[in-house]
Amino acid sequence: MSVTIPRRQLFIDGEWREPLHQKRIPIINPATEDTIGDIPAGTAQDVELAVAAARRALTRNRGRDWPRASASLRAKYLRAIADKVMERKSELATLEALDCGKPLEEAAGDVGAVAGCFKYYADLAEALDEKRTVLSMHTFKSHVVKEPIGVVGLITPCCSCFGCWMCGCVKAIRIGISVIFYTCLEFAELCKEAGLPPGVLNIVTGFGTEAGAPLASHSHVDKVAFTGSTETGRKVMTAAAEAVKPVSMELVGKSPILVFEDVDIDKAVEWTLYGCFFTNGQICSATSHLLVHDTIAKEFVEKLVSRANSIKISDPLEEGCRLGPIVSENQYKRVIKYISTAKEEGATILCGGGRPQHLKKGFYIAPTIITDIDTSMQIWREEIFGPVLCLKTFITEDEAIKLANDTHYGLAGAVLSMDLERCKRITEEIQAGITWVNCSQPCFLQAPWGGRKNSGFGRDLGEWGLDNFLNVKQVTEYVSEDQWGWYHPPKL
């Protein structure tokens, strides 16, 4: 499909606006290394305009136009946006593939998931109008209401834009301002077409120091939600702490996948490949720590390497593509550096490790499997965010659990075994926010998504994702006709 790359501006107060400093950032197609367009580079001054627009949207008509409007009204907009997304599904998926290098089939799945997420939260939004009574007696009645938290700063990375919107779309129910990148500028056009009130959604693209930092620290932003690296997450938390505002963090991971001796090896190999190489390996929950029982390791690894070598690596728009390029040149060099350091430290590269021979341009890295790893090595300790799988063997269940939890991160983990009692034990012991049994990477709108330890806190998706952006208010009413009686006036 031929797609024209639109030249977008910042989206503030329902309108497209040139950034005040009129600077732009080139968009590089990672499959060809060609410049295919550019996006505006917003700065603190642009953020100031966006925050002001978001605040006006919240306070307009004493809040009756948006935060205090019926939840069913917001649900109407969410469903309209979902319809707009599906109308342009093919175009949006192609833009995503061109921008991020994600295989077209996966990008189309992400776009469909975004539409589904908006419809799901439209249903949940309607339930917000209900009051929950928590106390009823002859003197008092008390109920709980959930109210929008206010202006939200949503900061997401450039590696999987619509995928991040799938997790972030709940914020749109109450959102005031977002800082996001690239393809998601097209999302603003869809919201405009759906009639979303001005200022409810504002998009400022730019660099972290110039746009993200001013947003995180802004005194009129009531909450910050960040997706990205742990290092940047710490900076966002520090900035937010100055204003004592809540934050939620979906940070990086180094997730284990434990493969026991009783598995169907062919099925386990496929889940292992998918768990690490899906989305070009650029997914925070990638199960890139492979732990295989020693008794099946030889057969398992032989099949794993053989099938990894047969994965189709190509331009993401090519039919059947399963692995596209790394999102950017900087990230490509970073992943290559991790691999070369591992070799220098004594690790063995079983397959991959660099550019596929048939691709002379683009930021491509073949599926890479590394073994002979010491747990102190950088390749084992740090998130790589690329198609790199690290392999170790184990003998006992206790050893496997110890290796799985020997990490600063705690986003996800997986266990593959026919012994369901064993699976139950391990899901209880793996220190992660998400645990998969006999699979890896499924994500459902109804289930919470988030991690622990250095992988962040707070949850997206499900009712938990909605609660993340609501204040809970207690309303207690004195209903007795009798005087309270604490004060007794003196007798005259």
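**Close-up views of a predicted model**

**View 1. Cavities in the predicted model.** The structure contains 4 cavities of 30 Å³ or more. The second largest cavity has a volume of about 80 Å³. Its lining is made up of 15 residues; Phe226, Ser248, Met249, Glu250 and Asp460 are the closest to its centre. Two elements, β9 (223–227) and β10 (247–250), each give two or more residues to this lining. By residue class, the lining of the second largest cavity divides into 6 nonpolar, 5 polar and 4 charged.

**View 2. An open sheet of 7 strands.** The strand order is β13-β14-β15-β12-β11-β17-β18, and the pairing is mixed. β13 (348–351) and β18 (434–437) stand at the edges. Each has a single partner strand, so one side of each lacks a neighbour in the sheet. On average, neighbouring strands of this sheet are turned by 25° against each other, direction ignored.

**View 3. The pairing of edge strand β13 with β14.** β14 spans residues 368–371. The two strands run antiparallel and are joined by 3 bridges. Within this pairing, Thr348 stands opposite Thr371 in β14.

**View 4. Helix α6, a mostly covered helix.** α6 covers residues 184–193, and 8 of its 10 residues are buried. The buried residues are Cys184, Leu185, Glu186, Phe187, Ala188, Glu189, Leu190 and Cys191. Glu186 and Glu189 are thus among the buried residues of α6. Just after the helix, Gly195 takes a positive phi of about 85°.

Notes: Residues are numbered from 1 along each chain as its sequence is written. This is a predicted model: local features need pLDDT of at least 70, side-chain atom pairs count only at pLDDT 80 or more; totals for chains, interfaces and linings use all residues. Side-chain values use heavy atoms; hydrogens and water are left out. Two strands pair if DSSP finds at least two bridges between them. Helices (H or I, at least four residues) and strands (E, at least two) are DSSP runs, numbered from the N terminus. Axes are lines fitted to C-alpha atoms, for helices over the stretch in contact, and angles run from 0 to 180 degrees between N-to-C directions. Buried means under 20% relative accessible area, exposed over 50%, partly exposed in between (1.4 Å probe, protein chains only). On a 1 Å grid over the protein atoms alone, a cavity is a set of points where a 1.4 Å probe fits but cannot get out, and a pocket is an open set with protein on both sides within 12 Å along at least five of seven lines; lining residues have an atom within 4 Å of a point. Grid points are joined across faces, edges and corners, and a volume is the space filled by probe spheres set on the points. Ala, Val, Leu, Ile, Met, Phe, Trp, Tyr, Cys and Pro count as nonpolar, Asp, Glu, Lys and Arg as charged, and the others, Gly among them, as polar.
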